[in-house]
Amino acid sequence: VVGAVAGNGGALTNYATAVIARSNFTSNTARGYDGGQVRGAGLYDLGLGQGGAITNHKGVLTVEDSTFTDNCAIGGSGGQVGPGIGEQRFSFIGHAQGGAIANQHDSFLELRRSTFIGNQAIGGSGILGGRKAENWLGVALGGAMMNYFIAEVSDSVFDRNEALAGNENTGGNPGDVVSVARGGAIFEV
């Protein structure tokens, strides 16, 4: 899945209630689009890759007895914060979150007896920051899983998952968060 603003859920995006059991997710990719410029008017995110296998967006998701192998969330490269972006609080550009699963705002995830091997969140590269607000450039969060709301994880295995920040990114002000990687297995806000 490739998206200009966001590539969500390489295999599945859940907006309701779903149960996934005894399933295998292998080599799925959610990729943010390369290039572009944040200009304001409500568009403050660009090139996001979220949930290499699954994005849970304002849903209730149960995953059990499943395996996630070599899935990737990849942030787009080459984007920039343009002029006239106003006074928004922040922009995400080339941001990657949840190599296998991204559990978004207002979402509930219950994860049981599952295995995560070799999944990656990879931030974008060659991104230029702006002079206003706070910008997150080429950041990677949660090689296997990123949780922004409520998640219960039990009896699961995480092996060789990685969060890899982008490179050659340039901030435009001291508040910018540039080329940071956190949570090789799980990142929780």
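Reader: Why is Arg112 called partly exposed?

Author: In this predicted model, Arg112 has a relative accessible area of 22%. Buried means under 20% and exposed means over 50%, with partly exposed in between. The value of 22% lies in between, and therefore Arg112 is called partly exposed.

Reader: What makes the contact between Glu110 and Arg112 a salt bridge?

Author: The closest N and O atoms of Glu110 and Arg112 are 2.4 Å apart. The rule asks for a side-chain nitrogen of Lys or Arg within 4 Å of a carboxyl oxygen of Asp or Glu. A separation of 2.4 Å satisfies that limit, so the pair counts as a salt bridge. As for its surroundings, Glu110 is partly exposed, because its relative accessibility is 27%.

Reader: How do you know that Arg113 forms a salt bridge with Glu64?

Author: The closest N and O atoms of this pair are 3.6 Å apart. Since the limit is 4 Å, the pair of Arg113 and Glu64 is therefore accepted as a salt bridge. The two residues belong to distant parts of the chain, 49 residues apart: Arg113 is in the loop between strand S18 (108–112) and strand S19 (115–117), while Glu64 is in strand S11 (residues 60–64).

Reader: Why is Glu64 called buried, and why is Arg113 called partly exposed?

Author: Glu64 has 15% relative accessibility. Buried means under 20%, so Glu64 is called buried. Arg113 has 39%, which lies between the limits of 20% and 50%, and Arg113 is therefore partly exposed.

Reader: What makes Arg113 and Asp65 a salt bridge?

Author: Their side chains meet with N to O at 2.8 Å. That value is within 4 Å, so the definition is met. This pair also links distant parts of the chain: Asp65 lies in the loop between S11 and strand S12 (67–69), 48 residues apart from Arg113. Asp65 counts as partly exposed because its relative accessibility is 30%.

Reader: Which residues are linked in a network of salt bridges?

Author: The network links Glu64, Asp65, Glu110, Arg112 and Arg113. By the same rule, the count comes to 5 salt bridges. In general, side chains of opposite charge can pair when their charged atoms come close.

Reader: How do you know that Ala30 is buried?

Author: Ala30 has a relative accessible area of 0%. This is under 20%, and so Ala30 is buried. Ala30 lies in strand S6 (residues 29–32). Ala30 and Gly49 are 19 residues apart in sequence, and their C-alpha atoms are 5.2 Å apart in space.

Reader: What makes Ile150 partly exposed?

Author: The relative accessible area of Ile150 is 44%. Because 44% lies between 20% and 50%, Ile150 is partly exposed. Ile150 lies in strand S24 (residues 150–154). Together with Val60, Phe108 and Phe149, Ile150 forms a nonpolar patch on the surface, with about 330 Å² of accessible area.

Reader: How do you know that S19 and S25 pair?

Author: The strands S19 and S25 run parallel and are joined by 3 bridges. Pairing needs at least two bridges, so these strands pair. One of the residues concerned is Thr115, whose bridge partner in S25 is Val157.

Reader: What makes S5 and S25 the edge strands?

Author: The open sheet has 4 strands in the order S5-S12-S19-S25, with parallel pairing. Strand S5 (24–26) and strand S25 (157–159) each pair on one side only, and they are the edge strands.

Note on methods
Residues are numbered from 1 along each chain as its sequence is written. This is a predicted model: local features need pLDDT of at least 70, side-chain atom pairs count only at pLDDT 80 or more; totals for chains, interfaces and linings use all residues. Side-chain values use heavy atoms; hydrogens and water are left out. Buried means under 20% relative accessible area, exposed over 50%, partly exposed in between (1.4 Å probe, protein chains only). Patches are made of residues with over 30% relative accessible area and no salt bridge: like charges are joined within 9 Å, nonpolar side chains (Val, Leu, Ile, Met, Phe, Trp, Tyr) within 5 Å. Accessible areas come from the Shrake-Rupley method with a 1.4 Å probe; for residues, only the protein chains shown count as cover.
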